[in-house]
Amino acid sequence: MRTKVMLVVYVAVALVLAIAVIATGVSISSAAAKADEVSRQISQKQAVIVEQERTLAVLHDEDAIRSKAMQNGMVQAGDPVYNVKPSEDVGYSPAEPKTDGFDKFLDWLAEILN
């Protein structure tokens, strides 16, 4: 009887250990799959970053900026072709204050309150 109990205990412990080993293996393989997915995403994003850095390098190149600006019809500041004479001073008549009914109402209200 004692041997049967020991055998059942032994089988139960072996079964628990086997389940623990299987669960550990499953969790490790799941973690490895997630790590592979994250690694793949990082590789894709790194490729995007490299392309954006290449684009930024071109956009920061002064010669490229200057040539693109000239292609679009821009000229360098101080170019004599685009210097213009200052315009003549045009005299404007002084502005006249305009009032309406609301201003009259406010004036009336101010008189009453004072």
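What pattern does the chain follow when read along the sequence? It runs α-α-α, with 3 helices and 0 strands in the chain. Here helices (H or I, at least four residues) and strands (E, at least two) are DSSP runs, numbered from the N terminus.

A word on how to read the values. This is a predicted model, in which local features need pLDDT of at least 70 and side-chain atom pairs count only at pLDDT 80 or more, while totals for chains, interfaces and linings use all residues. Residues are numbered from 1 along each chain as its sequence is written, and side-chain values use heavy atoms, with hydrogens and water left out.

**Confidence**

The predictor's confidence in each residue is its pLDDT, from 0 to 100. The chain averages 86, and 94% of the residues score at least 70. Among the elements, α1 has the highest mean pLDDT (92) and α2 the lowest (87). Where pLDDT is low, the predicted coordinates should not be read in detail.

**Overall form**

The radius of gyration of the chain is 42 Å, whereas a compact globule of 114 residues would have one near 13 Å. That radius is taken over C-alpha atoms, and the globule rule is 2.2 Å times the number of residues to the power 0.38. Along its principal axes, the C-alpha trace spans about 120 × 65 × 15 Å. One pair gives a feel for these distances: Gln46 and Thr99 are 53 residues apart in sequence and 66 Å apart in space, C-alpha to C-alpha. Gln46 has its place in helix α1 and is partly exposed, at 43% relative accessibility.

How much of the chain is buried? Of its 114 residues, 1% count as buried, where buried means under 20% relative accessible area, exposed over 50%, and partly exposed in between (1.4 Å probe, protein chains only). The accessible surface of the chain comes to about 11100 Å², of which 64% belongs to carbon and sulfur atoms. These areas come from the Shrake-Rupley method with a 1.4 Å probe, and for residues only the protein chains shown count as cover.

**Salt bridges**

Searching the whole structure turns up 3 salt bridges, each defined as a side-chain nitrogen of Lys or Arg within 4 Å of a carboxyl oxygen of Asp or Glu.

| Pair | Closest N to O | Helix |
|---|---|---|
| Glu37 and Arg40 | 2.4 Å | α1 (residues 2–59) |
| Glu51 and Arg54 | 2.7 Å | α1 |
| Arg66 and Asp63 | 3.5 Å | α2 (residues 62–71) |

In helix α1, Glu37 and Arg40 sit 3 residues apart, about one turn of the helix. Glu37 counts as partly exposed because its relative accessibility is 32%, and Arg40 because its value is 40%. Glu51 and Arg54 are likewise 3 residues apart in α1. Glu51 is partly exposed at 42%, as is Arg54 at 48%. Over in α2, Arg66 and Asp63 are 3 residues apart, again about one turn. Arg66 is partly exposed at 38%, whereas Asp63 counts as exposed at 54%.

**A nonpolar patch**

Which residues make the nonpolar surface patch of about 720 Å²? They are Phe102, Phe105, Leu106, Trp108, Leu109, Ile112 and Leu113. Patches are made of residues with over 30% relative accessible area and no salt bridge; like charges are joined within 9 Å, and nonpolar side chains (Val, Leu, Ile, Met, Phe, Trp, Tyr) within 5 Å. One of the patch members, Leu106, lies in helix α3 (residues 101–113) and counts as partly exposed because its relative accessibility is 38%.
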